[in-house]
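The following exercises concern the contact between two chains. Each task is followed by a solution in steps.

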Amino acid sequence: MKTFQKVVLPAALSLAGLVSQQAMAAGTDAGKSIENTATMSYAVNGSTSNSVEAKTAFLVDVKIDFGWTAQTALNTTTAETLDAVSYYKSGPVQLSNSSNTKAFYSIGVTMIAKDGKFTVNSTEYTATASSNSTEIKYVVDTDGDGDLTDETVKSTGSTGGLLDLTADTTSQNLYVLIPSASVTGADNNILGMSVTAVAEEVLITGETVNRSVSDDSGNADAQQTIQFVYADAGNDNSELTYVGSTLSGIPDFSVIPDSDPNNDGFVKTSVVLSDPISLVAGTRPKAIPGAIVRYTITLKNKGTGNALDVNISDPLDTITEIEFCDNTADTNCENITVTTDDGSSGTFTYDTSSSTATQVYVHYDTFPAGGSSTITFTAKVK
Amino acid sequence: MRTLLFTLALLPSLVFAEVSLTTEAFKIVPVPQADGTVMEEWQAPEKVVPGDKVGYRITYSNNGKDAAESIVINNPVPDATSYIANSATGAGSVITYSVNGGQSFAKASELTVTEQGKTRAAKAEEYSHIRWQLTNPVEAGASGKVEFKVRVN
């Protein structure tokens, strides 16, 4: 049994700030003529005259309404090979197009680094320098089968490949791809990523040629920004860590190795509460099979921006299993608790698929800048 | 010359019906006022998209020499739009509505719809037609207007 006080970056730990748009019905097709016809009947001197008709019409204009919602982020350090290139894959972001016509969007990605340099293909990102990178790609799971190998990898940026979405598209998953071979950075570097979609063209029903979206001022929601925060999967302080966040206010859960843990964004500690042998009062319990261990995960958002849609997942060590009071008669158990300094609480679950739960999951809708939270639970040493 | 005179003689009856009718569409735009209230402005129907309000104005003018009586204006709610409740106006008229394609008309409070054997009050978006019956004759040279609003589906 490891007892440790160290960085906790579990495999599924991921944070995603997001802008969410509820998908709405697209409405009447762009280009449709709406005609009004009024008819009048009357009489003059007791004689009925011929009825009179009047008409007017206007065309329905293009309404661009793009929405997206960050889904539970993936373990981004797992590279995936697409078109013979290995990428760090981030996302998914669930897309919707509530426009009243087929719309084509360019996908832009702007990045900014924090706490050190972060380089993608020799383009260096710092805390003060943000820019687009032609290296960044994206891919959409158009058929929804979860397999991206049959999808087209497209370039980001205004000259990159356009994302086309038919009207009333409610859910397609987009992933941002960073070539893993071209990324260099020190562990615990932070990379903020802002993904933007801009409507470039539309195809109006009944027409065969796209029209450029030259004046987008009257169309809300044509451009959206979404931020990702990544974290390492390794839990070994050796892998590349990259973390994304907002560009204007950056949430920061980073850790500084070998420094005061009170200054760290993630800290996990454990203490052995009891063991089956050390029954004498005052005897320090040992982490032996059957021992009950209390884990404490402390999170602090040291940054300047709120972190949204924060998911904490802690898969336990293989030699422990969660010991919740709900599942055991052991009097040393403790149910999971989540406390936050602002009085709000996260929602938490654990794997109930088996009697030996091995993973804790906690979700925070909003983790405020400067806020902190503590998660505690117990586990039994197998 | 005879031909020309004949043509001129026909012109008035061809160009001017005794009572003429026009209809115009407007995009209804909420405009904040200095006192904090919001007023609706009827503007040219440019950049109308789903969800927008559109106002229709129907204007009648008696161009004849005699009063026009028993004037009834009938206006189907345009396709791809929904009537906005209580939006129909018309001075000196009785306004009724239809929910069955213009087969019958009734006041809004009396309109019902039967669904699965149950009868309920009709919703404004279920109206198919609007009808104005003018209560008084329109004298020669006089004019008037009626209006209603819809929302683009």
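**Exercise 1.** State how many residues each chain gives to the contact, and the area buried.

*Solution.* Step 1: with contact taken as heavy atoms within 4.5 Å, chain A contributes 31 residues and chain B 35 residues. Step 2: the two chains bury about 2,500 Å² between them, 59% of it on carbon and sulfur atoms; buried area is the accessible area (1.4 Å probe) that two parts lose on being put together, summed over both. Step 3: on the chain A side, the most area is lost to chain B by A:Asn36, A:Met40 and A:Phe58, together 24% of what that side buries.

The model is predicted: local features need pLDDT of at least 70 and side-chain atom pairs pLDDT 80 or more, whereas totals for chains, interfaces and linings use all residues. Residues are numbered from 1 along each chain as its sequence is written, chains are lettered from A in the order in which they are written, and side-chain values use heavy atoms, without hydrogens and water.

**Exercise 2.** Identify which elements of chain A give two or more residues to the side that touches chain B.

*Solution.* Step 1: these elements, taken as DSSP runs (strands of at least two residues), are strand E2 (33–44) and strand E4 (52–59) of chain A. Step 2: E2(A) supplies the largest share, eleven residues.

**Exercise 3.** Describe how E2(A) pairs with strand E4 (residues 68–76) of chain B.

*Solution.* Step 1: the pairing is antiparallel over five bridges, where pairing requires at least two DSSP bridges. Step 2: within E4(B), B:Glu69 is the bridge partner of A:Ala43.

Terms used. Helices (H or I, at least four residues) and strands (E, at least two) are DSSP runs, numbered from the N terminus.
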